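The following exercises are to be worked with the sequence and the model open side by side. Each task is followed by a solution in steps.

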Amino acid sequence: MAAPGGAWRSLLLLLLGLMHGASAVFVVKNGNGTACIMANFSATFLMNYDTKNGSQNVTFDLPSNAEVLNSSSCGKENTSDPILMIAFGGGHTLTLNFTRNVTRYRVQLMSFVYNLSDTHIFPNASSTGTKTVEFITDIKADIDKKYRCVSGTQVHMNNVTVTLHDATIQAYLSNNSFSKGETRCEQDGPSPTTAPPHPSPSPPPPESPSVDKYNVSDVNGTCLLASMGLQLNVTYEKKDNTTVIRVFNINPNKTSANGSCSAHLVTLDIRSEDGTALRLQFGMNATSSRFFLQGIHMNTTLPDARAPTFRAGNDSLRVLQATVGNSYKCNAEERVHVTEAFSVNIFKVWVQAFKVEGDKFGSVEECLLDENSMLIPIAVGGALAGLVLIVLIAYLIGRKRSHAGYQTI
């Protein structure tokens with residue numbers, strides 16, 4: 001009866017494959033054959049694209065045969081920075097651009113070039129050719145230490161979300177291999193080996209923000225209907241030269257909101273009692289008839305900062321998008337990177353811009369994060385049902401063979 005044991009092994013491999021693809025090691029070397037960048041991770045891509053029948057969501061993994069391109073580089077001091085370029089499939093490229101200062105290095109920019117002509121990943125795409133998305137990241141580590149993140153590291157790039165699983169990344173290598181020391185990502189929590197001897201106390205992160213409802217209207221009716229919780233992340237330098245990250249929630253009970261409507265831009269302005277001003281601007285692509293959050297601007301005062309007045313903004317975002325007339329909904333927390341020093345966490349968002357009928361949300365287009373979270377329990381349930389069937393068949397076969405071993409006297 002060897003079949004059940006084999007079935008368990010098959011099930012285990014199946015369940016592991018459902019989570020994400022196999023990890024791979026990517027190495028960039030200089031002209032002398034010395035490694036300057038090493039990365040070990042698996043990656044999952046969640047994105048949507050336009051088809052002839054409307055918007056289509058797709059999820060795929062970085063394949064095990066992905067390769068480092070020759071255009072990857074160790075960079076040149078004071079001239080260019082290291083860059084890791086990974087190619088796979090029918091013309092897709094994931095790029096990590098590194099930069100450093102005296103004490104730390106980081107993936108300053110992650111970009112993804114995808115080829116809509118690849119019908120294996122993008123069947124029935126309404127257009128062909130390559131498109132590029134990019135965004136800054138939170139991937140950073142101390143010099144001569146590796147970046148380590150067992151939890152998923154997510155980077156949102158317009159219509160694409162890249163999740164790096166079980167990631168180990170290091171640039172500016174000094175000994176041709178990963179360093180023993182490591183800097184852990186925020187998701188994993190602090191690492192005992194990297195904690196400073198006398199860490200300064202920091203306040204605990206706030207709880208998830210309260211969800212508030214927003215409505216922007218003019219004489220022509222409602223142009224924005226939204227329900228969401230907002231949390232702001234600000235990185236700044238204090239007067240004592242230490243760099244801190246302050247996380248605070250937008251409290252609906254201590255804010256006022258208004259906005260404006262136009263044919264191609266919808267604006268929501270939120271102001272707190274402490275003077276913090278947050279502006280969200282929604283744009284529209286007339287060709288694809290889709291709306292999206294395209295701009296976030298924030299202005300606040302940080303009394304303990306070296307420069308108390310903090311301003312940040314970005315008008316080239318492309319998140320929270322759905323077809324005009326429909327609504328965008330996401331129960332999962334979404335983190336929008338605005339600048340290197342400012343990001344916004346959006347909780348339980350439900351939003352519709354431009355065309356709102358009767359002050360009610362239209363048909364829902366769920367976010368990729370919510371759809372992906374549903375795939376795992378469904379797949380696991382299917383795998384367990386398959387396992388029960390395999391064990392039952394193996395049992396019946398074994399029983400039949402044992403009976404066949406006896407002869408009637």
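**Exercise 1: The setting of Arg-106**

In this predicted model, Arg-106 lies in strand β7, which covers residues 104-115. Determine whether Arg-106 is buried or exposed, and identify its surroundings.

Solution.
- Step 1. The relative accessibility of Arg-106 is 11%. Buried means under 20%, so Arg-106 is classed as buried.
- Step 2. Beyond its neighbours within four places in sequence, Arg-106 is in contact with Asn-97, Phe-98, Thr-99, Thr-137, Asp-138, Ile-139, Lys-140 and Glu-340.
- Step 3. With Glu-340, the side chain of Arg-106 forms a polar contact of 3.2 Å.

**Exercise 2: The pairing of strand β15**

Identify the strands that pair with β15 (residues 221-237), and give a bridge partner in each.

Solution.
- Step 1. Begin with β14 (residues 212-218): seven bridges link β14 and β15 in the antiparallel sense. Here Asn-215 is opposite Leu-225 of β15, and the hairpin between the two strands passes through two residues.
- Step 2. Turn to β16 (residues 243-249), which is also antiparallel to β15, over seven bridges. Tyr-236 has Val-244 of β16 as its bridge partner. This hairpin has five residues between the strands, and Asn-241 in it adopts a positive phi near 75 degrees.
- Step 3. Consider β25 (residues 342-353), which is joined to β15 by ten bridges and runs antiparallel to it. Gly-229 faces Phe-347 of β25.

**Exercise 3: The cover of strand β15**

How many of the 17 residues of β15 are buried?

Solution.
- Step 1. In β15, 14 of the 17 residues are buried, and the strand is thus mostly covered.

Methods:
Residues are numbered from 1 along each chain as its sequence is written. This is a predicted model: local features need pLDDT of at least 70, side-chain atom pairs count only at pLDDT 80 or more; totals for chains, interfaces and linings use all residues. Side-chain values use heavy atoms; hydrogens and water are left out. Helices (H or I, at least four residues) and strands (E, at least two) are DSSP runs, numbered from the N terminus. Buried means under 20% relative accessible area, exposed over 50%, partly exposed in between (1.4 Å probe, protein chains only). A polar contact is a pair of N or O atoms within 3.5 Å; within protein, one must be able to donate a hydrogen and the other to accept it, and residues adjacent in sequence count only if both atoms are side-chain atoms. Contact means heavy atoms within 4.5 Å. Two strands pair if DSSP finds at least two bridges between them.
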